[in-house]
Amino acid sequence: MAKAAEAALDRDPLAFLVAPKAPAAFLAGTWERQPALFKATPERRAFFEGLASFSELARLARICEQEGEPLEFGVDVNAARYASGKRETPNGEVADSASLERLFHKEGCTMQFHQPQRFSDETWRLLAALERRLGCLVGCNAYLTPPGTQGLAPHWDDVEIFVVQTEGSKRWRLHRAPPAPEGTPLASRASLLAHSHLANQVSGDLDPAEIGQPSMEFTLEVGDVFYMPRGTIHCATAQQGGPSGHLTISTYQRWSAADLLQYGVSVALANPSLQPLLAAPLKAGLPPGFLAAATLGPAAAAELAAGAGGFGEEGTAAVVAAAAGTAGGGKGGSKGGGRSDNDMQRLSAQLAAACRALADCLEGRQGPAGLGSRLLTTAADAMAEDFMRHRLPPHPEQLPAPGPAPGLDDLVQCVGSSYFRLVPMNTKDEGGCGPDCEEDHEHTHGHGHGHGHEHTHGPACGSGCQAHHGHGSSGEEEEEEEEAGHGHGHGHGHGHGGGGGGVTGAPPAWVRLVSCLGNDRGSHMMSGGGEEDDDESDEESGSGSDGGSEEDSEVDAEELAARAAAAAAALGRKRKQPAAAAADGGSGEEDEEQGGSGSEGEESGDDDDEEEDEEEEGQEDLVFPAEFAPALVQLLRSAPDAGGQPLPVAAITLPDPELQLQVAAALWEAGVLRTVQADKKEKKKHKASGKQQQQPQEQQGGKAAAGKQEKKTEKAQKQQQEQGGKAGKQGGRKAKRHKA
């Protein structure tokens, strides 16, 4: 049954979670619309039973202690309890098994275990499949609650959530805040509660008195799945009779149309080959002194006071009345600020015109043909590259066998198009700012879109929020918020360097193949510490920790720039006969053929260093001249998940067999392609079609290249086979499987 469940989730993890409902029907009628409960199927019950439990957490803690790397509170685990309307977080420092046992059994604390996919192969497999299916980051927390207790206050989250019961049972209550009365100030608590649907920020702890009676109540048993859209107010209590365990799987944080729009604008403004093409309203300057028109004025201040109500009903009414009289005195009467209504109206009209121009551009009614599509594609590249670098690597059993090194007579097929992204890029020498640029200016499209946004569990986050929107809050902020806050930190700041065009009109001269195959399972959705406030109170949030700090983002960008620059330099030396190159010196073979200094001996001599670097930094990008882009797209589209079929090496859209073989071999060695050996009949068919008929010296060169690739077959196959194991080793701190 377990094998059948794994096969089912590999095929379609969404179908596995929402069965018996069809995934298409779920996405069309339920997703982002309303909560839904899916009772256990035999496959789900077999897969999830016991996957998250306190006994498993205690076992893992003992293993980590024995290995000298104990779990940490605030990083790996949080303890939380909610009673008499108050939530407490009695975290310590080291989350050893004795501390966990005491907090759980004697003090009645819920244990929030962050990102169990780092330790559990089953959870890794499920989340990797979901990231492939949904095309965005997916996080997970395990919640382990003593009988008859509640860990957290009512709240809403900023992620789409699937809750899966793994042990015992839990009673859930959902609330729908009443509509705000007519005339309620926009900034008031009541207005915020009434508009929580699809919220992009977490709520903080909510007072039961302000959320009304439950709109939905139910009990989850093992194997049951409950889905709720972001912004759904909820709380839960473990049933008597035994402890409760459940997983919360979360996704779609900062993944809305508004976020893509934000990307589209920032990418266009940062790209010198796009910005000049924008319509005039989008490039027009703002009115002099416009900030003064948009500042807080008397009427807006009165609205804030009315929403707060701290002076009592009579005192607040007097303040509001006085402010209304001031606001009616001509200048300063604007609700929006300290200048006249006309100032704000003119500013609003200009911004509206810019938005309409952008809409016309996206729909092809204004600007050069194809500009809207190019704008979206460039923005999507930024989001996709960031996703690719932070997602889980696929579970080893989700990848096909690589086969032997490909020959000219063989067929090859991409192992999965969703594991890779082809991104245009320029070098500094070929126009504009390239990946090797060291100038002191911004290279990323950072615009406050990171999934590390952390909020306190207290008053809802508003305009005064100072959370970092890049890769997570700083350590100082986390310490200050120690007893408050939770966040979902899906951990990416959506920056990209070296992409897009260079100087105006210069097309990208290179393409970079970004892969998730070498990603570190152990750092998935984790920032590395100090996040106790980020996670402790988020019982149903999907991810407890974000993926890094802003400093981490800068380091990643520097490493990426160095790799891309090295690859570009290697390719530049052989521009007349280009082939794929990675920053590990993979061009040595061609140098040797041309009489250069590169040799297999030198390459093999660096094996240990290369493997050590790869384990620390993950898989490096492959960089190709832009002329290779059609062939790369052709190969990526051969993947089964793209509806493709195995492709003959001789049919790769490159001008000679030597290049065809070199590219196929480079991508096979990187794990992008698998080899499907052709039978004799297929080989004859290829030869008869003329695909194998080339000039004698080309054939000789192709055979020589094939011979070199055969020498590397054993080494590369071993690397590919160990890839999944390495990801697992990186992830679990060498701990045993999370599930017994």
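Which side chains meet in a salt bridge at 2.7 Å, N to O? They are those of Glu88 and Arg81. A salt bridge here is a side-chain nitrogen of Lys or Arg within 4 Å of a carboxyl oxygen of Asp or Glu.

This is a predicted model, in which local features need pLDDT of at least 70 and side-chain atom pairs count only at pLDDT 80 or more, while totals for chains, interfaces and linings use all residues. Residues are numbered from 1 along each chain as its sequence is written, and side-chain values use heavy atoms, with hydrogens and water left out.

**Salt bridges**

The whole structure holds 25 salt bridges. Three of them are listed below.

| Pair | Closest N to O | Citation |
|---|---|---|
| Glu88 and Arg81 | 2.7 Å | salt bridge |
| Glu397 and Arg125 | 2.9 Å | salt bridge |
| Glu385 and Arg389 | 3.3 Å | salt bridge |

Burial is judged by relative accessible area: under 20% is buried, over 50% exposed, and partly exposed lies in between (1.4 Å probe, protein chains only). Glu88 is partly exposed at 31%, and Arg81 is partly exposed at 22%.

Glu397 lies in the loop between α16 (371-390) and β12 (411-414) and Arg125 in helix α7, so their salt bridge ties together parts 272 residues apart in sequence. Helices (H or I, at least four residues) and strands (E, at least two) are DSSP runs numbered from the N terminus. Glu397 is partly exposed at 48%, whereas Arg125 is buried at 6%. Both belong to a network of salt bridges that also links Glu6 and Asp10.

**Helix α7**

Helix α7 covers residues 121-134. Of its 14 residues, 12 are buried, so the helix is largely enclosed by the rest of the structure. Among the buried residues are Trp124, Arg125 and Leu134. Just after α7, Gly135 takes a positive phi of about 75 degrees.

**Aromatic pairs**

Rings of Phe, Tyr and Trp (its six-membered ring) pair if their centres lie within 6.5 Å; planes under 30 degrees apart count as stacked, over 60 as edge-to-face and the rest as tilted. By this rule there are 17 aromatic pairs. The rings of Phe26 and Phe162 have centres 6.0 Å apart and planes at 40 degrees, so this pair is tilted. Phe26 lies in helix α3 (residues 23-29) and Phe162 in strand β6 (residues 160-167), so the pair ties together parts 136 residues apart in sequence. Both Phe26 and Phe162 are buried. Phe54 and Phe104 form a stacked pair, 4.0 Å centre to centre with 5 degrees between the planes.

Methods: The expected span of a helix is 1.5 Å times one less than its number of residues.
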